[in-house]
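Biologist: Could you take a close look at the backbone in the loops of this model, and then go on to the enclosed spaces inside the protein? A connected account would serve me better than a list.

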Amino acid sequence: MSGLFITMEGTDGAGKTTQIRLLEEYLLNKGFKVVCTREPGGTPISEKIREIIIDKNNSEMTDITEAFLYAAARAQHVDEVILPTLKEGGIVISDRFVDSSVVYQGFARSVGERLIKNINKYAVGELEPDITFFLKLKPEDGLKRKKEQAELDRLEAEKFSFHQRVYDGYVRLSKRCKNRIQVIDALKSVEEIHNDIVRGINNLLEKNGI
């Protein structure tokens with residue numbers, strides 16, 4: 001595959017959507033074919049699974065059910081969107097990928113990192129992002145931003161302790177995967193964060209001779 005796979009990770013309210021939009025614009029202006037997508041979601045089937053996952057009425061959902069639903073949505077997403085784009089030499093920017101499952105279900109839900117990775121082996125095969133940007137934002141700051149929304153989904157409405165475990169999980173994962181995960185302070189201005197991301201992308205493009 002000659003394409004490039006970029007993922008954005010972070011706690012709720014970190015500003016991933018804004019940065020994905022800015023990065024897409026930057027890469028399009030450089031002449032690249034860019035596909036922006038999200039998880040769970042990105043395909044009609046995956047979006048339907050997303051609706052089940054985030055529905056606040058599904059409070060009885062077990063942690064392992066949640067983990068399998070994420071993996072199922074991801075399997076369809078990889079097969080239908082990500083791999084075809086990469087094979088055509090395009091750039092995929094995804095709002096979340098396997099790291100989210102490791103952190104949210106593996107660490108925060110205590111399902112276990114090993115089980116999450118085993119489930120997702122079937123969903124993604126050997127596919128791994130070329131670079132991941134972790135927009136680092138403490139849960140108390142993220143929740144302040146999210147309170148401006150009219151309504152929170154099932155995961156956003158979780159207790160503070162859950163969001164703290166998510167944050168701690170991301171920090172733990174980013175320290176372990178320094179070669180792939182670039183940590184960015186999400187309290188910086190939108191422009192400063194974008195510039196940090198662009199530097200990381202340009203270094204990757206130069207390294208790969210793209």
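Modeller: S110 is exposed, because its relative accessible area of 59% lies over the 50% cut-off. In this model, which is predicted, S110 sits in the loop between α4 and α5 (113-124), and its phi is near 65°, a positive value in a residue other than glycine.

A positive phi is also found at R96, where the angle is near 85° and the residue is again not a glycine. R96 belongs to the loop between β3 (91-95) and α4 (98-108), and with a relative accessibility of 10% it counts as buried, because that value is under the 20% cut-off. The two loops thus both adjoin α4, R96 lying in the one between β3 and α4 and S110 in the one between α4 and α5.

Another loop, the one between β2 (34-38) and α2 (44-54), holds P40, and here the feature to note concerns the peptide bond from E39 to P40, which is cis, with omega near -10°.

Turning from the loops to the enclosed spaces, the count comes to 2 cavities of 30 Å³ or more. The largest cavity holds about 40 Å³ of space, and its lining is made up of T11, D12, P139, G142, L143, H163 and V166. Two helices, α6 (139-146) and α7 (160-176), each supply at least two residues of that lining, with α6 providing the largest share, 3 residues. In chemical terms the lining of the largest cavity divides into 3 nonpolar, 3 polar and 1 charged residue.

The second largest cavity holds about 30 Å³ of space, and the residues lining it are E9, D99, T132, F134, Y170, L173, S174 and I181. The elements that give two or more residues to this lining are β4 (131-136) and α7, and it is α7 that gives the most, with 3 residues. Here the lining divides into 4 nonpolar, 2 polar and 2 charged residues.

Helix α7 therefore deserves attention when the two cavities are read side by side, because it supplies at least two residues to the lining of the largest cavity and gives the most to the lining of the second largest, with 3 residues.

Key: Residues numbered from 1 in each chain as written. Predicted model: local features only at pLDDT ≥ 70, side-chain atom pairs only at ≥ 80, totals over all residues. Heavy atoms only, no water. 1 Å grid on protein atoms, 1.4 Å probe; cavity = no way out; pocket = protein on both sides within 12 Å on 5 of 7 lines; lining within 4 Å. Points joined across faces, edges and corners; volume = space filled by probe spheres on them. Helix = DSSP H or I, 4+ residues; strand = E, 2+ residues; numbered from the N terminus. Nonpolar A, V, L, I, M, F, W, Y, C, P; charged D, E, K, R; others polar. Buried < 20%, exposed > 50% of the residue type's maximum accessible area, 1.4 Å probe, protein only.
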